[in-house]
Amino acid sequence: MSSQQNNSNTQQADSPRAPRRTPMACQFCRGRKLKCDGSRPSCGNCNRRGFPCEYTPVSAEQK
Ligand SMILES: [Zn+2]
Ligand SMILES: [Zn+2]
């Protein structure tokens, strides 16, 4: 863990401002049509059930 953090140039995919944020459900939630919270590495549903949470990217384009 690094205590050095630059607040000026930080490239993070976790931006608070995400106009287009597709709710990505894991395989388990998708199959059961559950509301996936999208937590990683394991979402709430998988975590509770002890299932291996797997996320399959819809498009190959990921930033
Ligand atoms: Zn899920
Ligand atoms: Zn899951």
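The unreviewed UniProt entry lists residues 25-55 as "domain: Zn(2)-C6 fungal-type". In the predicted model examined here, this stretch of the chain is 39% helix and 0% strand. The C-alpha atoms at the two ends of residues 25-55 lie 7 Å apart.

The zinc ion (ligand 1) has four cysteine SG atoms as its protein donors, contributed by Cys-26, Cys-29, Cys-36 and Cys-43. Donor distances from this ion run from 2.2 to 2.4 Å. In sequence, the donor residues follow the spacing C-x2-C-x6-C-x6-C. The angles among the four donor atoms are 100 to 119°, and the site of the zinc ion (ligand 1) is tetrahedral. For reference, the ideal angle for four tetrahedral donors is 109.5 degrees. A further zinc ion (ligand 2) is placed 3.0 Å from the zinc ion (ligand 1). Cys-26 coordinates both ions.

Accessibility was computed for two of the donor residues of ligand 1, Cys-29 and Cys-36. Cys-29 has 0% relative accessibility and is therefore classed as buried. Cys-36 has a relative accessible area of 16% and is also buried, because the class covers values under 20%.

Asn-45 belongs to helix 2, which spans residues 44-49. With a relative accessibility of 18%, Asn-45 likewise counts as buried. When neighbours within four places in sequence are left aside, the contacts of Asn-45 are Phe-28, Cys-29, Leu-34, Lys-35 and Cys-36. Among these contacts, Cys-29 and Cys-36 are also donors of the zinc ion (ligand 1).

Methods: Residues are numbered from 1 along each chain as its sequence is written. Chains are lettered from A and ligands numbered from 1 in the order in which they are written. This is a predicted model: local features need pLDDT of at least 70, side-chain atom pairs count only at pLDDT 80 or more; totals for chains, interfaces and linings use all residues. Side-chain values use heavy atoms; hydrogens and water are left out. UniProt positions are given in the numbering used here, feature names are shortened, and annotations may be inferred rather than shown by experiment. Helices (H or I, at least four residues) and strands (E, at least two) are DSSP runs, numbered from the N terminus. Donors are N, O and S atoms within 2.8 Å of the metal (3.2 Å for Na, K and Ca); water is not among the atoms, so sites may look incomplete. Four donors count as tetrahedral if all angles lie between 85 and 135 degrees; four count as square planar and six as octahedral if opposite donors are over 155 degrees apart and all others between 65 and 115; anything else is irregular. Buried means under 20% relative accessible area, exposed over 50%, partly exposed in between (1.4 Å probe, protein chains only). Contact means heavy atoms within 4.5 Å.
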